[in-house]
Amino acid sequence: MLESLGSLTGSPWIYAVVAVSVLLDVFLPVLPSGVLVITAATAAAAGSTAGTAAVAGTADQVTREVPSLLVLVLCAATASVLGDLVAYRLAWRGGDRLDRAIARSRRLTRAQERLGAALSRGGGALVVIARFAPAGRSVVSLGAGAAHRKVKEFLPWSALAGIAWAGYAVGLGYFGGQWLGASWVGAAVSVLALFGAGSLAAYVMRRPAAAPEPTT
């Protein structure tokens, strides 16, 4: 995988590709945005390792550009928030047709109800958890917009979710490359760890909300 994407990860265009992929996967969850982020971070680990060897005189100097971890996190997190806001605004303006579509989907209806209850209580951990679940970001962003939740209730949690997801994906790619080697093995293990977090998040989202305690 790293060989096939080597020219891209060694180019400044990797940041644009990552940003566009993360921006659009709120509408097209099949886009491999997480895989791209991990691959770029693994390439950064490869460059770091090779650069250290070059200083020690045991390898040739690295000439191709190495992705910056900080820029990768900023690009992925910013694109994540922008994508959430676009989906949120589209759902806000969706009107009766979108409301009927949500009403026909048990998953969307349940997520909308849970999200509304969480935001009303001043919490939004569900937004962060959903960012890791497959299609969870889409469900929550569309649900928040369709329910006309206030942007000040949704945006801070969306930003936290984007930063958490981007930091986790970049960390997986970089440390996986450092510990397991900057090869397809390290990248594959990192991707599996990302999918594992997604499966756990999906399980949490599927759990029924706790019933409110009776008041006395």
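What span should the 12 residues of helix H2 have at 1.5 Å a residue, and how far apart are its end C-alpha atoms? The expected span is 16 Å, and the end C-alpha atoms of H2 (residues 13–24) are 17 Å apart, which agrees. The model examined in this report is predicted.

## Overall composition

The chain contains 10 helices and 0 strands. Read from the N terminus, its elements follow the order α-α-α-α-α-α-α-α-α-α. Of the 216 residues in the chain, 40% are buried.

## Helix H2 and its buried side

The buried residues in helix H2 are Ile14, Tyr15, Val18, Ser21 and Val22. Around the helix axis they cover an arc of only 135°, which puts them on the same side of H2.

## Helix H8 and the residue that follows

Helix H8 is mostly covered, since 10 of its 11 residues are buried. These buried residues are Gly136, Arg137, Ser138, Val139, Val140, Ser141, Gly143, Ala144, Gly145 and Ala146. The backbone just after H8 also deserves attention: His148 takes a positive phi of about 55° there.

## The aromatic cluster

A pair of aromatic rings is described by the distance of the centres and the angle of the planes. The count for this model comes to 4 aromatic pairs. In one of them, the rings of Tyr88 and Trp92 have centres 5.8 Å apart and planes at 55°, so this pair is tilted. Both residues belong to helix H4 (residues 69–92), where Tyr88 and Trp92 are 4 residues apart, about one turn of the helix. The two partners can also be described by their accessibility. Tyr88 is buried, with a relative accessible area of 1%, whereas Trp92, at 30% relative accessibility, counts as partly exposed.

Tyr88 also pairs with Phe154: the ring centres are 5.3 Å apart and the planes lie at 10°, so this pair is stacked. Tyr88 lies in helix H4 and Phe154 in helix H9 (residues 151–180), so the pair ties together parts that are 66 residues apart in sequence. Phe154 is buried, with a relative accessible area of 0%. Together, Tyr88, Trp92 and Phe154 form one aromatic cluster.

## The enclosed cavity

How many cavities of 30 Å³ or more does a search of the whole structure find? The search finds 1 such cavity. The largest cavity holds about 40 Å³ of space. Its lining consists of Asp84, Val127, Ala130, Arg131, Gly136, Arg137, Val140, Ser141 and Phe154. Phe154 therefore appears in two settings, as a buried residue with a relative accessible area of 0% and as part of this lining.

Helices H7 and H8 each supply at least two residues of the cavity lining. The largest share, 4 residues, comes from H8. By class, the lining of the largest cavity comprises 4 nonpolar, 2 polar and 3 charged residues.

## The largest pocket

The largest pocket contains about 360 Å³ of space. Its lining is made up of 22 residues, and those nearest the centre of the pocket are Asp25, Pro29, Phe132, Ala133 and Pro134. Four helices give two or more residues to this lining: H3 (33–55), H7 (125–132), H8 (136–146) and H10 (184–206).

Which helix supplies the largest share of the lining of the largest pocket? The largest share comes from H10, with 4 residues. The residues of the pocket lining divide into 13 nonpolar, 6 polar and 3 charged.

## Val128 in helix H7

Helix H7, which contributes to the linings of the largest pocket and the largest cavity, also contains Val128. Is this residue buried or exposed? Val128 has a relative accessible area of 17%, and because residues under 20% count as buried, Val128 is buried. Val128 and Ile163 are 35 residues apart along the chain, and their C-alpha atoms are separated by 9.4 Å.

Key:
Residues are numbered from 1 along each chain as its sequence is written. This is a predicted model: local features need pLDDT of at least 70, side-chain atom pairs count only at pLDDT 80 or more; totals for chains, interfaces and linings use all residues. Side-chain values use heavy atoms; hydrogens and water are left out. The expected span of a helix is 1.5 Å times one less than its number of residues. Buried means under 20% relative accessible area, exposed over 50%, partly exposed in between (1.4 Å probe, protein chains only). The arc is that of the directions from the helix axis to the C-beta atoms. On a 1 Å grid over the protein atoms alone, a cavity is a set of points where a 1.4 Å probe fits but cannot get out, and a pocket is an open set with protein on both sides within 12 Å along at least five of seven lines; lining residues have an atom within 4 Å of a point. Grid points are joined across faces, edges and corners, and a volume is the space filled by probe spheres set on the points. Ala, Val, Leu, Ile, Met, Phe, Trp, Tyr, Cys and Pro count as nonpolar, Asp, Glu, Lys and Arg as charged, and the others, Gly among them, as polar. Rings of Phe, Tyr and Trp (its six-membered ring) pair if their centres lie within 6.5 Å; planes under 30 degrees apart count as stacked, over 60 as edge-to-face and the rest as tilted.
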